[in-house]
2 protein chains.
Amino acid sequence: MQELLPAENILYLGDTARLPYGSKSPETIRQFADEDVRFLIARGVKAIVVACNTATAHALPSLHEKYRIPILGVIEPGVEAALACPNAERIGIIATRGTIRSHAYQHALALRKTGLMIHGQATPLLVPLIEENWVDHPATRQVLKTYLDPLVEKGIDTLMLACTHYPLLIPVLQQVLPADVRLVDSATTCAEHLKKELTRLDLLEAPGRDGALELHLTDLSEEFELLARQFLKKSPGRIHRAVLGI
Amino acid sequence: MQELLPAENILYLGDTARLPYGSKSPETIRQFADEDVRFLIARGVKAIVVACNTATAHALPSLHEKYRIPILGVIEPGVEAALACPNAERIGIIATRGTIRSHAYQHALALRKTGLMIHGQATPLLVPLIEENWVDHPATRQVLKTYLDPLVEKGIDTLMLACTHYPLLIPVLQQVLPADVRLVDSATTCAEHLKKELTRLDLLEAPGRDGALELHLTDLSEEFELLARQFLKKSPGRIHRAVLGI
């Protein structure tokens, strides 16, 4: 988003005190997402991106019912990207247990194109491996093989990386998967989707200025800065402690 | 505890909405532990066991300052068990990042015996592997080797399993470690410690009755019952939804 919309101010809220969301129940995730959105609205944001697949899967419909501000999820852009290639017929999805179990991706794909073969695979160890910074470790390749071999045997032509952490695994996924399996990551398409929506709603900042990035976390852990550097490829700057539900 | 104190009623609170605690900051863990203890005290318990190493490491001292009810942690019993063998000289500790970083075990060991060699190793992937039920998976052996080889090279004679999940790994740990490394698990000694304390404070139930087990969780996830069966070796019975902080 910073690359595609450099003039926008971005207010980031990470619910680090209660993560991960991926293994928790739909009711709990809806409650957490509601508190997250209220925090952001109270700070005057003009639009919200639910940059988490599990929260999008379980909470986006109820957030749309309750709030009038534009709220975008990561599932629609990912599904659009997967189906942008007309040859996509056999689609694998890797994600947290919560996302797979919600059937949100399976449903969104099936609504758009008939006759798809869709295979969802919960891959709960991938986030811990990425957070341990073991992307290149042999154990990660072994875990990926265990998770992906059944999808490869089913002859998938497309693999959707349906969790915001997974793009960091793309190099090792390319080693483990057959070369003709297309990887689809919703992060890039989500940023494009946001730009389109802001343009359509006439909410874009005038170009030529440098947008600010403001980070708020519910728990200030030492790992976050390291991980933020990995994702942003620069220092995340000052980090604020967020208190939710007040 | 059920085996050793069959007459006692046990009220279990699992903060499943906000777990894991092991990767979060000391301040956040102290706040969560305080809310947990208030929930239990409001339900009339006579004593509390902080059955989590990270919460014991970061929150037990402040809980002792604030509350008069007996509150027991898992670190003291584990340290006692480790030092019960007079030959223990080189001690490895595996635990979450939070527990290792707190130096609570290292400190408690050093207070009790001079001249010990103590090596702490954070092993954050073990809980996710156990919760994925991959105890027998080759990836688990590979992860364990990566974590433990440096401890074995340092010649440890004792390995402390300083996280309540780790006893489920004992069979695979015995395969991966040299036969002369002694495994110390605080769960059994913690139950013995509780029995001693309840006896000393004259709080024991009269024998001959069957104590009840009452389970409260802050998030009702489908995984919990599976995991509870693994630990308890029977059905956990009805599970209640706990709301904290009210």
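Let me start with one helix: in chain A, helix H7, residues 138-153, lies across strands S4, S5 and S6, and H7(A) runs at about 170 degrees to S5(A). Please keep in mind throughout that what we are looking at is a predicted model, and that every angle and distance I mention was computed from it.

The strands under discussion belong to an open sheet of four strands in chain A, which come in the order S5-S4-S6-S7 and pair in the parallel sense. At the edges of that sheet stand S5(A), residues 117-122, and S7(A), residues 182-185, each of which pairs on one side only. If we ignore direction, neighbouring strands here are turned against each other by 20 degrees on average. Inside the sheet, S4(A), which covers residues 90-95, and S6(A), which covers residues 158-161, are paired in parallel over four bridges, and if you would like one pair of residues to find on the screen, take Ile94(A), whose bridge partner in S6(A) is Leu161(A).

Stepping back to the whole of chain A, its secondary structure amounts to 10 helices and nine strands. The C-alpha trace spans about 50 × 40 × 40 Å along its principal axes, and the radius of gyration of chain A is 18 Å, which agrees with the value near 18 Å that a compact globule of 246 residues would have. As for confidence, chain A has a mean pLDDT of 93, with 100% of its residues at 70 or more, while for the complex the predictor gives an ipTM of 0.81 and a pTM of 0.88.

Let me now move to chain B, where a further open sheet is formed by three strands in the order S1-S8-S9, again with parallel pairing. Its edges are S1(B), residues 10-14, and S9(B), residues 239-241, and because each has a single partner strand, one side of each is left without a neighbour in the sheet. The average turn between neighbouring strands of this sheet, direction ignored, is 25 degrees. S1(B) pairs in parallel with S8(B), residues 213-217, over five bridges, and within that pairing Leu13(B) has His216(B) of S8(B) as its bridge partner.

That brings me to the way the two chains meet. Between them, 20 residues of chain B are in contact with 20 residues of chain A. On the side of chain B that touches chain A, helix H6(B), residues 126-131, and helix H7(B), residues 138-153, each supply at least two residues, and H7(B) gives the largest share, with five. By character, the residues on that side of chain B divide into nine nonpolar, six polar and five charged.

How are the two copies related in space? Chain B can be laid on chain A by a turn of 180 degrees with a shift of 0.0 Å along the axis, and the RMSD is then 0.0 Å; the copies are thus related as by a two-fold rotation axis. If you want to locate that axis on the screen, look for Arg18(B), which comes closest to it of the residues of chain B, with its C-alpha at 2.2 Å. Finally, 100% of the interface residues of chain B are also interface residues in chain A, so the copies meet through the same surface.

Methods: Residues numbered from 1 in each chain as written. Chains lettered and ligands numbered in written order. Predicted model: local features only at pLDDT ≥ 70, side-chain atom pairs only at ≥ 80, totals over all residues. Contact = placed C-beta atoms within 7 Å. Nonpolar A, V, L, I, M, F, W, Y, C, P; charged D, E, K, R; others polar. Least-squares fit on C-alpha atoms with pLDDT ≥ 70 in both. pLDDT = per-residue confidence, 0-100. Pairing = 2+ DSSP bridges. Axes fitted to C-alpha atoms, helices over the stretch in contact; angles between N-to-C directions. Rg over C-alpha atoms; globule rule 2.2 N^0.38 Å.
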